[in-house]
Amino acid sequence: MNNCRTHILPALLCCCLTFPSGGCDMIEYHPYDLDIDGETGINAKNMQRIEAELEGRKRITFAVISDTQRWYDETEEAVESLNGQKDLDFVVHTGDLSDFGLKLEFEKQRDILNRLSVPYVCILGNHDCLATGEEVFNRIFGENNFSFNAGNVHFLCLNTNALEFGYDTAIPDFQYISNDKQNLPEGIEKTVVAMHAGPFSEQFNNNVAYFFEQTITSFPSLQFCIYGHGHNVSAEELFEDGVMYYECASANKRSYLLFTINENDYTYEVVSY
């Protein structure tokens, strides 16, 4: 009975995710379908754009959205608001594009986010790991851990969903972080670390929280960290080391974060839409 329910529930969810006039036609698709419709490799292409467009810059402006999940209308409103932002360079989505890890959820979110007038990247969330969600995420967006450079700022984007991997996988992946640090290009003066679940949340491997803090603060001039997962806005100095951790609310709260990093400081704003 339990196995039966495991397979029937996602199929019913596929039906619920159908958009008007389709009835339950989409139930014909297997909930664990990996045959992606539409664009793939989003992060790699957009990181190339960001690096090319911002090369040599010492002032950048970017937005953070998170936990768009089943809130498609609100995500569309966020995109409309972001497209109205003057001088916005790119957007970082800190994870949970899906609620149940279904292919249709990722495709719908991708299609909405593709309406952004600036490049964007997406980080793996804990809900994105459900079912075959991780594989779908990897195909549509990219790797679980990645980094890119925006002008003189290095962005380190990490999978911190340790609970979803049963703690038998290195999450955060300190080998990846070490290799990334060793291969920083010339001209990098600052760092921002982005993740889905922040330290001391139930998803994070808090056995290594303080080692994580020591590791990321060894990067060039760590400015701050950004994350989602908690569905609320917060700004905390988690480790009493001068580094702020900014949490972005979920899409149903209708807000996102806007940062501008200047040559000597940065500004932070919560934008409601």
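This passage looks at salt bridges, one helix and two individual residues in a predicted model.

Salt bridges make a good starting point. Side chains of opposite charge can pair when their charged atoms come close. In this model the count comes to 11 salt bridges. One of them joins K103 and D37, whose closest N and O atoms are 3.3 Å apart. Because K103 lies in helix α4 (residues 103-113) and D37 in the loop between α1 (2-16) and α2 (42-53), the pair ties together parts that are 66 residues apart in sequence. The two partners can also be described by their accessibility: K103 is buried, at a relative accessible area of 5%, whereas D37 is partly exposed, at 43%. This bridge does not stand alone, for salt bridges with shared partners join D37, K103 and E107 into one network.

A second salt bridge brings together the side chains of E189 and K58, with an N to O distance of 3.2 Å. Here, too, distant parts of the chain are linked: E189 sits in the loop between α6 (174-182) and β6 (190-195), K58 in the loop between α2 and β1 (60-65), and 131 residues separate them. E189 is partly exposed, with a relative accessible area of 40%, and K58 is partly exposed as well, at 36%.

A third salt bridge is formed by the side chains of E74 and R254, at 3.9 Å from N to O. The residues are 180 places apart, E74 in helix α3 (residues 72-83) and R254 in the loop between β9 (244-247) and β10 (255-261). E74 is buried, at 14% relative accessibility, while R254 is partly exposed, at 30%.

R254 has a further partner in helix α3, the helix in which E77 is found. The side chain of E77 makes a polar contact with the side chain of R254 at 2.9 Å. Apart from neighbours within four places in sequence, the residues in contact with E77 are R254 and Y273. Y273 is 196 residues away from E77 in sequence, yet their C-alpha atoms are 7.1 Å apart in space. E77 itself is partly exposed, with a relative accessible area of 29%.

Helix α6 shows how a helix can present two sides. Its buried residues include F174, I177 and D180. Seen down the axis of α6, the buried residues fall within an arc of 120°, and they therefore line one face of the helix. An α-helix has 3.6 residues a turn, so residues three or four places apart point the same way. On the other side of α6, Q175 and Q182 are exposed. The buried residues of this helix pack against β4, β5 (153-158) and α7 (209-216). At the start of α6, a side-chain oxygen of D173 comes to within 3.1 Å of the backbone nitrogen of Q175.

D173 leads on to N145, since the two residues are in contact. N145 lies in the loop between α5 (133-140) and β4 (146-150), and N145 is buried, with a relative accessible area of 16%. Leaving aside neighbours within four places in sequence, the contacts of N145 are C157, L158, N159, D173 and Y176. With N159 there is a specific approach to point out: the side chain of N145 reaches the backbone nitrogen of N159 at 2.9 Å.

Key: Residues numbered from 1 in each chain as written. Predicted model: local features only at pLDDT ≥ 70, side-chain atom pairs only at ≥ 80, totals over all residues. Heavy atoms only, no water. Salt bridge = Lys/Arg side-chain N within 4 Å of Asp/Glu carboxyl O. Helix = DSSP H or I, 4+ residues; strand = E, 2+ residues; numbered from the N terminus. Buried < 20%, exposed > 50% of the residue type's maximum accessible area, 1.4 Å probe, protein only. Polar contact = N/O pair within 3.5 Å; in protein donor to acceptor, adjacent residues only side chain to side chain. Contact = heavy atoms within 4.5 Å. Arc of directions from axis to C-beta.
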